[in-house]
Amino acid sequence: MTMKSTLIVPMAVLPALAAGVLVHDRLRTKSFVQDAAPTRTASIATATPAAPAPVSPPLVSAPALATPEPEPPRRMTASQEASLDAWMIKTYLACWKPAAQPADADPYVARVRLKFKPDGSLLKPPKLVNPPSDPAQKPQAKSVLQAVKACDPLPMPAQYRSFYEQWKTKTIHFDPQVAAR
């Protein structure tokens with residue numbers, strides 16, 4: 001009894017099989033077989049069709065064909081993040097001229113949400129997170145928004161530029177007591 005079977009191999013793999021070469025990928029990317037187009041095949045052996053096709057180990061691409069996986073983005077340390085926050089507050093306070101508040105009013109600390117572009121300029125207009133309910137504090141809120149616009153674009157220091165994903169959205173607190181120091 002003679003048995004015949006056909007092994008189907010992608011055309012792109014045939015030269016490597018003919019040369020008896022098996023290349024392992026050091027970067028552990030997808031296998032070469034998965035990347036190959038499934039429509040171009042060729043038969044390299046013929047036996048009877050009654051036998052099941054042999055299963056061979058998956059081939060992997062050569063290092064020259066593999067694209068290295070991108071390095072995961074680094075994150076700022078807590079110290080770097082605190083340093084960036086302090087720098088931003090100092091920079092914005094330098095642009096801020098707080099409006100006079102009534103002596104009998106509670107101090108108003110404005111919180112402004114900012115969305116930045118990678119170059120440090122504002123992506124969207126600043127948004128006051130806690131608008132004042134007291135009409136006497138509205139000039140203070142207005143002065144905060146003017147300060148943010150006056151500092152735009154923010155000259156982002158080089159050591160923080162690569163961490164854009166961490167600083168692209170920030171909430172800054174404008175405390176008149178801190179500004180008075």
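These are my notebook entries on a predicted model, going from confidence to the sheet, its helices and the disulfide.

**Entry 1: confidence**

I looked up the pLDDT before anything else. The protein chain averages 75, and 60% of the residues score at least 70. I marked residues 13-47, where pLDDT stays under 50. For that stretch the model has 59 contacts beyond four places in sequence. I keep the low score in mind when I look at residues 13-47.

**Entry 2: the sheet**

Next I traced the strands. What is their order in the open sheet of 3 strands? I read β4-β3-β5, with antiparallel pairing. β4 (127-128) and β5 (169-174) are at the edges, and each has a single partner strand, so one side of each has no neighbour in the sheet. A reminder to myself: strands of a sheet pair through backbone hydrogen bonds, either parallel or antiparallel.

Then I went to the pairing of β3 and β5. Strand β3 covers residues 110-115, and 6 bridges join it to β5. I checked two of the partners. Lys115 has Thr169 of β5 as its bridge partner, and Leu114 has Lys170 of β5. That fits the antiparallel run of the two strands.

**Entry 3: what lies across the sheet**

Which strands does helix α3 lie across? I found that α3 (residues 78-95) lies across β3 and β5, at about 55° to β5. Helix α4 (residues 138-150) lies across β3, β4 and β5, and I noted an angle of about 30° to β3.

I also sorted the residues of β5 by face. Lys170, Ile172 and Phe174 are on the covered face, while Thr169, Thr171 and His173 are on the uncovered one.

**Entry 4: Ala110**

I picked one residue of strand β3, Ala110. Is Ala110 buried or exposed? Its relative accessible area is 0%, so I put it down as buried. Leaving out neighbours within four places in sequence, I listed its contacts: Leu128, Asn130, Val144, Ile172, His173 and Phe174. Of these, Ile172 and Phe174 belong to the covered face of β5, and His173 to the uncovered one. I also looked up Pro131, which is 21 residues from Ala110 in sequence but 7.5 Å from it in space, C-alpha to C-alpha.

**Entry 5: the disulfide**

How many disulfides does a search of the whole structure find? I got 1. Cys95 and Cys151 form it, with their sulfur atoms 1.8 Å apart. The link is right-handed, with 105° about the S-S bond. Cys95 lies in helix α3 and Cys151 in the loop between α4 and α5 (158-161), so the pair ties together parts that are 56 residues apart in sequence. For my own record, a disulfide is a covalent bond between the sulfur atoms of two cysteines.

I compared how the two cysteines sit. Cys95 is partly exposed at a relative accessible area of 23%, whereas Cys151 is buried at 8%.

**Entry 6: Asp152**

My last stop was Asp152, in the loop between α4 and α5. I logged Asp152 as partly exposed, because its relative accessibility is 33%. Apart from neighbours within four places in sequence, Asp152 is in contact with Gly120, Ser121 and Leu122. What does the side chain of Asp152 reach at 2.9 Å? I found the backbone nitrogen of Leu122 there. I noted Tyr92 too: Asp152 is 60 residues from Tyr92 in sequence, with 9.6 Å between them in space, C-alpha to C-alpha.

Notes. Residues numbered from 1 in each chain as written. Predicted model: local features only at pLDDT ≥ 70, side-chain atom pairs only at ≥ 80, totals over all residues. Heavy atoms only, no water. Pairing = 2+ DSSP bridges. Helix = DSSP H or I, 4+ residues; strand = E, 2+ residues; numbered from the N terminus. Contact = heavy atoms within 4.5 Å. Axes fitted to C-alpha atoms, helices over the stretch in contact; angles between N-to-C directions. pLDDT = per-residue confidence, 0-100. Buried < 20%, exposed > 50% of the residue type's maximum accessible area, 1.4 Å probe, protein only. Disulfide = S-S within 2.5 Å. Polar contact = N/O pair within 3.5 Å; in protein donor to acceptor, adjacent residues only side chain to side chain.
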